[in-house]
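I opened this structure for the first time today and kept notes as I went. The entries follow the order in which I looked things up.

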Amino acid sequence: MFKALIENNIFPEREFPVHNRDKTAALLDFAIFCNKGNFAIEMDGRQHQATREAVLSDYSRDNKLKVGKWNVLLY
């Protein structure tokens, strides 16, 4: 993914920490900052859907990011 972004002149930050309003933190796989907003790209593989707890944790993370004005893209 990183190589594909770079090849398209998109320069993401890798493993970018974001602190949420509730004092929790998320470590984004890729963060992209542009005039139209902030984009979080999460590379959620099959392991993220292996358990109910993992799915709920991902939903919680994504919701907190969206409240913080991040656009979340999942792959």
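I began with the contacts of Ala-40, setting aside neighbours within four places in sequence: Leu-28, Phe-30, Leu-65, Trp-70, Asn-71, Val-72 and Leu-73. I note here that the model is a predicted one.

Next I asked which residues make up the largest nonpolar core. I found 7: Val-18, Leu-28, Ala-31, Ala-40, Leu-65, Trp-70 and Val-72. Strand 2 and strand 4 each supply at least two residues of this core. I wrote beside this that nonpolar side chains tend to be buried together in soluble globular proteins.

I then looked up the sheet. It is open, with 4 strands in the order 1-2-3-4 and mixed pairing. Its edges are strand 1 (13-19) and strand 4 (70-74), each of which pairs on one side only. On average, neighbouring strands are turned by 45° against each other, direction ignored. Helix 2 (residues 52-67) packs on this sheet and touches strand 1, strand 2 (25-34), strand 3 and strand 4. I read an angle of about 150° between the direction of helix 2 and that of strand 4.

I went through the strand pairs one by one.

- Strand 1 and strand 2 are antiparallel over 6 bridges, and Arg-14 stands opposite Phe-30 of strand 2. The two strands form a hairpin with 5 residues between them, and Lys-23 in the turn has a positive phi of about 75°.
- Strand 2 and strand 3 are antiparallel over 5 bridges, in a hairpin with 2 residues between the strands. I looked up Ala-31 and found Ala-40 of strand 3 as its bridge partner.
- Strand 3 (residues 37-42) and strand 4 are parallel over 5 bridges. Here Ile-41 has Leu-73 of strand 4 as its bridge partner.

Last, I turned to helix 2. I counted 16 residues, reaching 23 Å from the first C-alpha to the last, close to the 22 Å expected at 1.5 Å a residue. Which residues of helix 2 are buried? I listed Ala-54, Asp-58, Arg-61, Asp-62 and Leu-65. These buried residues lie on the same side of helix 2, because they cover an arc of only 95° around the axis. I added a reminder that an α-helix has 3.6 residues a turn, so residues three or four places apart point the same way. The cover over the buried residues of helix 2 includes strand 1, strand 2, strand 3 and strand 4. On the face turned away from the buried side I found the exposed residues Arg-52, Glu-53 and Tyr-59. Just after helix 2, Lys-69 takes a positive phi of about 75°.

Conventions. Residues are numbered from 1 along each chain as its sequence is written. This is a predicted model: local features need pLDDT of at least 70, side-chain atom pairs count only at pLDDT 80 or more; totals for chains, interfaces and linings use all residues. Side-chain values use heavy atoms; hydrogens and water are left out. Two strands pair if DSSP finds at least two bridges between them. Axes are lines fitted to C-alpha atoms, for helices over the stretch in contact, and angles run from 0 to 180 degrees between N-to-C directions. Contact means heavy atoms within 4.5 Å. A nonpolar core is a set of buried Ala, Val, Leu, Ile, Met, Phe, Trp, Tyr and Cys residues joined through side-chain atoms within 4.5 Å. Buried means under 20% relative accessible area, exposed over 50%, partly exposed in between (1.4 Å probe, protein chains only). The expected span of a helix is 1.5 Å times one less than its number of residues. The arc is that of the directions from the helix axis to the C-beta atoms.
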